[in-house]
Amino acid sequence: VTLPPRLRRISTSLATSRISGTNLLVSDAGYRGAVVRLAGEFKQFVYEICCVEAGAAVPLARLASDVGQRGLAGLDFAAGMPGTVGGALVMNAGAHDSVIGDLLTEALILDEKLKLHSFAAEDLGLSYRKSNITSGFVVCRVKLRLSQGEKEIQERKCGQYLRFRRERQPHQPNAGSIFKNPPHDSAGRLIEAAGLKGRRVGGAMISDLHANFIVHCGNASAADVRYLLEMAREEVARQFGVNLELEIRLLGY
Ligand SMILES: Cc1cc2nc3c(=O)[nH]c(=O)nc-3n(C[C@H](O)[C@H](O)[C@H](O)COP(=O)(O)OP(=O)(O)OC[C@H]3O[C@@H](n4cnc5c(N)ncnc54)[C@H](O)[C@@H]3O)c2cc1C
């Protein structure tokens, strides 16, 4: 399906945004379906005692920074993490041995019939970068449990995690980690050991900083990125017998 130019622009901007669509590879042909971008009250958050209730469109990094500045602990692992709170819950995003699902006390989710449900973390099938929230369901708000910390310590922790990202992750546009880490190993290490670091196809390149990222060098198509990720998957399987599982989601394929 070839999309009209306006919709193609939307899928391109989703694919290179740091706020939403950060874990997606959208086909060059676009996506035939509705893409909902939440705004307005979905971008607001309020604090209760040792808890924050956030709309699904709140940028995760902004929330993590605000929580840290208030001296509250729990969300520091998400400092600098792109994407929204809603996307983070669907992907059960995490870093530094913590995931958002561990903090969740309640999620308000709209079903396909526009009925709102309240779910606890154990209802959502949360595991490594996975939930059972399927397409058609919309995360509207989440409540996250926090604990009282010290402002100075929390700010320092957020700063350290932010520096970690800046030093270890590529700065060119990308869709985050392409593959999940297999048990007891890292996808980046395997792709690098397969000799693919820096491999370029069209305008896309397997990052020479961290091989589990494919970066957009200015004129990449989704097909370039897809080609490289399939190459990485095949080479790692051939050389090491490990089947890498995609972490990013493919849209429009
Ligand atoms: C540079 C970089 C670094 C990253 N580092 C990390 C990291 O350290 N750890 C990590 O876990 N992830 C990381 N990511 C991935 C990304 O940050 C997270 O997966 C993020 O939480 C996705 O949020 P999003 O709003 O962009 O979701 P999208 O990518 O837009 O969507 C992801 C999925 O969630 C669905 N979705 C999104 N919002 C909603 C909603 N409100 N209701 C229902 N479904 C919804 C979408 O349909 C899609 O299926 C990184 C990405 C980048 C680009």
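How far does a backbone N or O atom of P82 lie from an oxygen atom of the ligand, and what is the answer in Å? The distance is 2.6 Å. Keep in mind that this is a predicted model. Two things are worth a look here: the ligand with its shell, and an open sheet of five strands.

**Around the ligand**
- The ligand has 29 residues around it, and the closest are G21, T22, P82, T84 and G94.
- G94 joins in through its backbone, where a polar atom sits 2.7 Å from a nitrogen atom of the ligand.
- R129 uses its side chain instead: an N or O atom there is 3.0 Å from an oxygen atom of the ligand.
- On its own the ligand has 980 Å² of accessible area, and the protein covers 86% of that.
- Two elements, α3 (85-91) and β9 (138-145), each give two or more residues to the shell, and α3 supplies the largest share with five residues.
- Sorted by class, the shell holds 14 nonpolar, twelve polar and three charged residues.

**The sheet**
- The strand order is β2-β3-β9-β7-β8, with antiparallel pairing.
- β2 (45-48) and β8 (116-119) are the edge strands; each has a single partner, so one side of each has no neighbour in the sheet.
- On average, neighbouring strands are turned by 15° against each other, direction ignored.
- β7 (residues 104-110) and β8 run antiparallel and are joined by four bridges.
- A107 sits opposite F119 in β8.

**Helix on the sheet**
- Helix α2 (residues 60-69) packs on the sheet and touches β2, β3 (51-55) and β9.
- The direction of α2 makes about 30° with that of β2.

Notes. Residues numbered from 1 in each chain as written. Predicted model: local features only at pLDDT ≥ 70, side-chain atom pairs only at ≥ 80, totals over all residues. Heavy atoms only, no water. Near = heavy atom within 4 Å. Polar contact = N/O pair within 3.5 Å; in protein donor to acceptor, adjacent residues only side chain to side chain. Areas by Shrake-Rupley, 256 points an atom, 1.4 Å probe, with all protein chains shown as cover. Nonpolar A, V, L, I, M, F, W, Y, C, P; charged D, E, K, R; others polar. Pairing = 2+ DSSP bridges. Axes fitted to C-alpha atoms, helices over the stretch in contact; angles between N-to-C directions. Contact = heavy atoms within 4.5 Å.
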